[in-house]
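Biologist: Could you take a close look at one part of this model for me, and then follow the chain outward from there? Keep it informal, but walk me through the contacts and pairings as you go.

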Amino acid sequence: MSNVDPKVIVALDFEKEAEAMNLVSGLAAGECRLKVGKEMFTRFGPQFVTRLNNMGFEVFLDLKFHDIPNTVARAVAAAADLGVWMVNVHTSGGPKMMEAAVKSLESFGSDRPLLTGVTVLTSMDEEQLRSIGITVDVNQQVSRLATLARDCGLDGVVCSAREAAMLRSSLGSEFKLVTPGIRPKTADAGDQIRIVTPEDALKNGSSYLVIGRPITRAENPLEALRAINESIRNID
Ligand SMILES: O=c1ccn([C@@H]2O[C@H](COP(=O)(O)O)[C@@H](O)[C@H]2O)c(=O)[nH]1
């Protein structure tokens, strides 16, 4: 299936580069985007991202930067130099950090990557929020962090699709909602808690669906991706 703005971002979380390439080499760039996270970037570095770019794929570099403003700004600019499509920071780094990240992309003009901010990890629930001293419920915390991200000039946030309808109505149609924790009905949740099916995520207003293990650990990953693409084909 060819798609000019593919909704699915496949999370390439593999121990071996060859395993990832085995999947990627069977894909057409229009079928999905690819996410490189902490595991593969730590093992295979920027060269791995460049390799995917050279094959025509748009890459979401999911390193969730969280540090002092100067360090994050420089890391975000380094990601832009690498030519990624999207890069992210943790919104809990605060407004000064997010504003510095936005500013660091000014010189890239229209070539800059999308900049998104992680709100509350999809593996967390209220109980875990309380254990780190956050006493409001998940929706309130996500809403607060997403609004802050929007006000700092970020292009969107990473959240669960459970919060997508709420954020879509408060933050408008252009703000990107990037949603991991996607699980087709029969898939294992694993360590994810705030899960949503691909169909419901798009109906709720998600912009992009981040999907890892339901595709990468499937017996036939290409078939699994194509079945998901087919299931969401007619959903706006
Ligand atoms: O809140 C978040 C932020 C990032 N992720 C990342 O997305 C993928 C999800 O993989 P699955 O195998 O589909 O669970 C993974 O790379 C996470 O690091 C997230 O899950 N939740």
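Modeller: Arg162 is buried, because 20 other C-beta atoms lie within 10 Å of its own and 20 is the number at which a residue counts as buried. Bear in mind that this is a predicted model. In the chain, Arg162 sits in the loop that links S6 to H7. Setting aside residues up to four places away in sequence, Arg162 touches Arg194 and Val196. Gly181 is 19 residues from Arg162 along the chain, and their C-alpha atoms are separated by 9.5 Å.

Now the elements on either side of that loop. S6, helix H7 (residues 164-171) and S7 form a β-α-β unit, and the unit is right-handed. S6 and strand S7 (residues 176-179) run parallel and are joined by three bridges. If you want one pair to click on, Val157 has Leu177 in S7 as its bridge partner.

Carry on past S7 and you meet another unit of this kind: S7, helix H8 (residues 198-204) and S8 make a right-handed β-α-β unit. Here two bridges join S7 to strand S8 (residues 208-211), and the strands run parallel. Val178 is the residue that stands opposite Tyr208 in S8.

Going the other way from S6, you get to S5. Strand S6 (residues 156-158) pairs with S5 in the parallel sense, over three bridges, and Val118 has Val158 in S6 as its bridge partner. Strand S5 (residues 114-118) is mostly covered, with four of its five residues buried. S5 also pairs with strand S4 (residues 86-90), again in the parallel sense, over five bridges. Asn88 finds its bridge partner in S5 at Thr116. To get from S4 to S5, the chain passes through helix H4 (residues 95-104), and this β-α-β crossover is right-handed.

Back to H7 for a moment, since Ser143 has contacts around there. Ser143 belongs to helix H6 (residues 138-151). Leaving out neighbours within four places in sequence, its contacts are Met166, Leu167 and Ser170. Leu167 is 24 residues away from Ser143 in sequence, yet the C-alpha to C-alpha distance is 6.7 Å. Ser143 counts as partly exposed because it has 19 other C-beta atoms within 10 Å, and being buried takes 20 or more.

What about the nonpolar core? The largest one has 62 residues, and Ile9, Val10 and Ile211 are among those with the most contacts inside it. Nonpolar side chains in soluble globular proteins tend to be buried together. Take Ile9: beyond its neighbours within four places in sequence, Ile9 is in contact with residues including Cys32, Leu34, Phe60, Tyr208 and Val210. Tyr208 is the residue we just met opposite Val178.

There's a ligand to place as well. It is surrounded by 15 residues, and the closest are Ala11, Thr122, Pro180, Gly212 and Arg213. Sorted by class, that shell has seven nonpolar, six polar and two charged residues.

One last backbone detail, over in strand S3 (residues 59-65), where Lys64 lies. Most residues other than glycine have a negative phi. Lys64 has a positive phi, near 45 degrees. Lys64 is partly exposed, with 18 other C-beta atoms within 10 Å.

Notes
Residues numbered from 1 in each chain as written. Predicted model: local features only at pLDDT ≥ 70, side-chain atom pairs only at ≥ 80, totals over all residues. Near = placed C-beta within 6 Å. Nonpolar A, V, L, I, M, F, W, Y, C, P; charged D, E, K, R; others polar. Core = buried A, V, L, I, M, F, W, Y, C linked by C-beta atoms within 7 Å. Buried ≥ 20, exposed ≤ 12 C-beta atoms within 10 Å, placed from the backbone. Contact = placed C-beta atoms within 7 Å. Pairing = 2+ DSSP bridges. Right-handed = clockwise from strand over helix to strand, strands pointing away.
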